[in-house]
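Q: Could you take a close look at one part of this structure, the salt bridges and whatever surrounds them, for someone who has not seen it before?

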Amino acid sequence: MFTGIVEELGEITAVEQVPNAARLTARGPIVTSDAKHGDSIAVSGVCLTVVDVFGSDFTVDVVHETLLRSRLAKIAVGDRVNLERATAVGDRLGGHIMQGHVDGTGVFLNRDESGLTRFALPGGLSRYIVEKGSIAVDGISLTVTGVTNDEFSVALIPTTLELTTLGRAEPGDLVNLEVDVLAKYVEKLAAPHLPGRAEDNGARAGSQEDA
């Protein structure tokens, strides 16, 4: 589990294509300070398992399903990524509870001088997003300021812009999105009790496998 409080801005140092997957190497001296084989590290919001650690670098394998769901399919050497170690029991919960299971990719649209930032939404995710609720964008816990059927907005403070990938985002850039998993559970549990929605919602819930 993660909280969406990014620990450091890392860098991709190698990308290797392997059968039905990709092996990434990322540099992050903070997250590797106590990392070992089998640990979980969120890479721009995607929970990945550490394969190896050497110095300030670590390697992870990204399976085909995750590549389909996230922007890691287009990651390249030199790209910056948000890094966060799994939350330890007893730590402060500074953001919100996140699984690191990406639901899809959104598109960075624009940001005004006040920090209000807009993202386009993929189809089907808007129903899980509410004003003043939480959403993870590239692994960053953010509060929703507004939402429509095809986009949502958040307000970014200068620290977030300085210390994460969103400060470098350009219009058209993809971002990983993870909605609140509780909303999906509520939808599935409520579906049988909503006239005309049971079959539709059941199919949706059954078809959504997280990255």
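**The salt bridge at Glu7**

A: Glu7 is partly exposed, with a relative accessible area of 29% (buried means under 20% relative accessible area, exposed over 50%, and partly exposed in between, with a 1.4 Å probe and protein chains only). The model is predicted, so local features need pLDDT of at least 70 and side-chain atom pairs count only at pLDDT 80 or more, while totals for chains, interfaces and linings use all residues. Residues are numbered from 1 along each chain as its sequence is written, and side-chain values use heavy atoms, with hydrogens and water left out.

The side chain of Glu7 meets that of Arg85 in a salt bridge, at 2.5 Å from N to O (a side-chain nitrogen of Lys or Arg within 4 Å of a carboxyl oxygen of Asp or Glu). This pair links distant parts of the chain, 78 residues apart, since Glu7 lies in the segment before strand E1 (8-18) and Arg85 in strand E6 (residues 80-85); helices (H or I, at least four residues) and strands (E, at least two) are DSSP runs, numbered from the N terminus. Arg85, at 22% relative accessibility, is also partly exposed.

A search of the whole structure finds ten salt bridges. One of them joins Lys36 to Asp39, with the closest N and O atoms 3.3 Å apart, and Lys36 is exposed at 51% relative accessible area. Another joins Glu65 to Arg69, where the closest N and O atoms are 3.0 Å apart; these two residues stand about one helical turn from each other, because they are four residues apart in helix H1 (residues 64-69). Salt bridges that share partners also join Glu7, Asp34 and Arg85 into one network.

Strand E6 also leads to the largest nonpolar core, to which strands E2 (21-27), E3 (40-43), E4 (46-54), E5 (57-63) and E6 each supply at least two residues. Such a core is a set of buried Ala, Val, Leu, Ile, Met, Phe, Trp, Tyr and Cys residues joined through side-chain atoms within 4.5 Å. Of its 20 residues, Ile41, Val43, Leu48, Phe58, Leu72 and Leu83 touch the most other members. Not counting residues up to four places away in sequence, Leu83 touches Glu7 itself, and its contacts (heavy atoms within 4.5 Å) also include Val6, Ile41, Val43 and Phe58. Apart from this core lies another, of 19 residues, among them Leu121, Leu142, Val144 and Leu177.
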